[in-house]
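Work through the exercises below with the coordinates open. Each task is followed by a solution in steps.

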Amino acid sequence: MKVDGMSCLALAVASFVAMATAGRSTSRRKHKEVFLGENSKFKFGGRIDYKLKRQDSTKTLLIKSEQLLRIEESDFAMRPGFGGAAIPVGIDVQVESIDSISEVNMDFTMTLYLRHYWKDERLSFPSQTNQSRTFDSRLVKKIWVPDVFFVHSKRSFIHDTTMENIMLRVYPDGNILYSVRVTVTALCSMDFSSFPLDTQNCSLELESYAYNENDLMLYWKNGNDSLRTDEIVLSQFFIEHFHASSGLAFYSSTGWYNRLFINFILRRHIFFFMLQTYFPTMLMVVLSWVSFWIDRRAVPARVSLGMTTVLTMSTIITGVSSSMPQVSYVKAVDIYLWTSFLFVFLSVIEYAAVNYCTTLEEMRKMRRGKIPSTFDASQAMAFDGCFHDNDIELTTFTRMAPTLTSDPLTTPTQSSDLRPPEGTRLRRQRSVRENVDLLVNNSYMIDSYSRLAFPLSYLLFNIIYWSLYS
């Protein structure tokens with residue numbers, strides 16, 4: 001009996017151990033199935049464990065984009081339709097902003113949305129709703145895209161905040177939209193002959209780098225409507241016109257390439273330069289004319305005024321030249337500044353001539369005894385800083401007889417018998433020497449003529465200048 005009891009107990013323990021071992025193995029198999037089910041989608045190309053799907057009804061059928069577009073089945077290192085006709089690639093551009101325009105570097109910076117349109121049947125996929133699928137930059141690196149670049153570009157970059165600003169939209173029939181947001185700094189050959197009254201014509205050029213016209217044909221997607229712009233406001237320029245154009249570029253080693261142009265015409269605002277350059281220059285020229293109304297013997301006043309205007313004009317010319325490129329031709333602003341500087345310089349030369357003629361006049365009068373030998377010019381200038389002609393005691397001139405004029409009532413015989421009295425001189429045209437002597441003897445006339453000649457000459461110059469360059 002004891003033996004049978006021990007046997008029964010051993011059998012019970014053995015059966016319990018077997019049941020526990022079977023439960024652990026079953027649990028291990030279940031965990032193994034779960035592990036394989038979670039990793040089977042990575043190991044077997046997108047297949048999932050349908051048992052798990054039945055167990056968790058919230059999960060959806062996951063299919064990778066590469067598997068949908070059959071990327072692994074094609075070689076995207078080659079263009080679509082390789083070996084056949086050139087693939088057409090449409091271009092559509094929306095200009096977001098023109099960030100800067102530099103006259104010194106002769107370039108401009110533009111931010112734009114560049115969109116490409118083409119068809120690649122290798123990326124077509126079945127769809128019951130005929131809806132497109134949109135992807136980001138991660139898929140772009142695995143398919144073929146046009147290699148469009150900016151000709152004459154100095155710097156360019158694709159915006160990458162917070163992700164790369166790249167969009168790829170694939171339609172079921174294989175049509176593709178590829179959009180990228182890019183900022184580019186490109187060369188603009190400017191002509192400053194009419195600066196600052198100039199109009200500049202700049203262009204941004206797009207071209208394929210590797211594929212010539214036999215492999216890729218670039219064209220504007222919607223003609224002239226392919227180029228759209230937002231409202232762009234610039235500080236120094238007004239955008240007159242945006243337009244798109246196309247052409248061909250030839251390279252001796254690789255052949256002909258399609259090239260697209262984004263042309264825009266810029267007209268410079270003149271008001272800034274009127275305030276900073278033209279108005280100060282005009283004021284300096286007018287200020288130099290003030291010396292014509294100052295007494296010719298007030299040497300410190302007239303010299304200091306002349307030198308001040310000359311130095312101010314030099315400062316204005318230097319400031320304008322430092323902000324401009326070093327071109328080898330004359331600009332419109334240079335003509336105005338240097339002509340104005342010439343007027344200011346001539347006003348200083350005018351006073352030098354007046355002062356010299358005044359000195360000669362006084363020396364001649366002193367030789368003739370018309371100025372007392374005890375006269376001191378410094379005493380005459382002590383009160384108001386000026387030396388006046390009425391401070392000098394001049395000897396009276398002998399009264400000259402009037403010039404003979406014929407009386408209309410007299411007969412020809414009577415008028416022929418008359419002779420001019422002694423001491424009179426007949427009028428005749430003065431020679432150049434006599435005119436110079438007249439100015440030397442009457443130096444105040446130089447100032448009188450300058451008060452009229454300088455303003456009229458400067459006014460005539462402004463009329464010609466603004467009529468030519470406006």
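## Exercise 1: the disulfide

The link of Cys188 and Cys202 is left-handed, with -75° about the S-S bond. The model is a predicted one.

**Task.** Find how far apart the sulfur atoms of Cys188 and Cys202 are, and test the pair against the disulfide cut-off.

**Solution.**
1. The sulfur atoms of Cys188 and Cys202 are 1.8 Å apart.
2. The cut-off is 2.5 Å, so the pair counts as a disulfide.
3. The count by this rule is 1 disulfide.
4. Place the two ends. Cys188 sits in the loop between β7 (175-187) and β8 (199-208), while Cys202 is in strand β8. The pair links distant parts of the chain, 14 residues apart.

**Task.** Is Cys188 buried or exposed? Is Cys202 buried or exposed?

**Solution.**
1. Buried means under 20% relative accessible area.
2. Cys188 has 2% relative accessibility, so Cys188 is buried.
3. Cys202 has a relative accessible area of 1%, so Cys202 is buried.
4. Apply the test to Cys357. Its relative accessibility is 10%, and Cys357 therefore counts as buried.

## Exercise 2: strand β9

**Task.** Sort the side chains of strand β9 (residues 216-220) by face.

**Solution.**
1. Recall the rule: in a regular strand the side chains alternate between the two faces of the sheet.
2. Leu216, Leu218 and Trp220 point to one face and are buried.
3. Met217 and Tyr219 point to the other face and are not buried.
4. Add the partner strand. β1 (residues 87-102) and β9 run parallel, joined by 5 bridges.
5. Fix the register: Ile87 is opposite Leu216 in β9.

## Exercise 3: backbone checks

**Task.** Which residues does the cis peptide bond with omega of about -5° join? Which does the one with omega of about 0° join?

**Solution.**
1. Omega of about -5° belongs to the cis bond joining Thr161 and Thr162. Thr162 is in the loop between β5 (153-158) and β6 (166-170).
2. Omega of about 0° belongs to the cis bond joining Phe195 and Pro196. Pro196 is in the loop between β7 and β8.

**Task.** Locate Met106 and His152, and give phi for each.

**Solution.**
1. Met106 is in the loop between β1 and β2 (107-119). Its phi is near 55°, a positive value in a residue other than glycine.
2. Met106 has a relative accessible area of 22%, so Met106 is partly exposed.
3. His152 is in the loop between β4 (148-151) and β5. Phi is near 60° for His152, again positive in a residue other than glycine.
4. His152 is partly exposed because its relative accessible area is 47%.

## Exercise 4: the helices

**Task.** Which residues make the nonpolar surface patch of about 330 Å²?

**Solution.**
1. The patch is made by Leu342, Phe345, Leu346 and Ile349.
2. Ile349 lies in helix α7 (residues 332-367).
3. Ile349 has 39% relative accessibility, so Ile349 is partly exposed.

**Task.** Compare the UniProt "transmembrane region" feature with the model.

**Solution.**
1. The unreviewed UniProt entry puts this feature at residues 270-293, 305-323, 335-358 and 452-469.
2. Residues 270-293 are 75% helix and 0% strand, with end C-alpha atoms 34 Å apart.
3. Residues 452-469 are 100% helix and 0% strand, with end C-alpha atoms 26 Å apart.

**Task.** Where is Val303, and what separates its C-alpha atom from that of Ser291?

**Solution.**
1. Val303 is in helix α6 (residues 299-322).
2. The C-alpha atoms of Val303 and Ser291 are separated by 8.6 Å, and the residues are 12 apart along the chain.
3. Val303 is partly exposed because its relative accessible area is 38%.

Conventions:
Residues are numbered from 1 along each chain as its sequence is written. This is a predicted model: local features need pLDDT of at least 70, side-chain atom pairs count only at pLDDT 80 or more; totals for chains, interfaces and linings use all residues. Side-chain values use heavy atoms; hydrogens and water are left out. Patches are made of residues with over 30% relative accessible area and no salt bridge: like charges are joined within 9 Å, nonpolar side chains (Val, Leu, Ile, Met, Phe, Trp, Tyr) within 5 Å. Accessible areas come from the Shrake-Rupley method with a 1.4 Å probe; for residues, only the protein chains shown count as cover. A salt bridge is a side-chain nitrogen of Lys or Arg within 4 Å of a carboxyl oxygen of Asp or Glu. Helices (H or I, at least four residues) and strands (E, at least two) are DSSP runs, numbered from the N terminus. Buried means under 20% relative accessible area, exposed over 50%, partly exposed in between (1.4 Å probe, protein chains only). Two strands pair if DSSP finds at least two bridges between them. UniProt positions are given in the numbering used here, feature names are shortened, and annotations may be inferred rather than shown by experiment.
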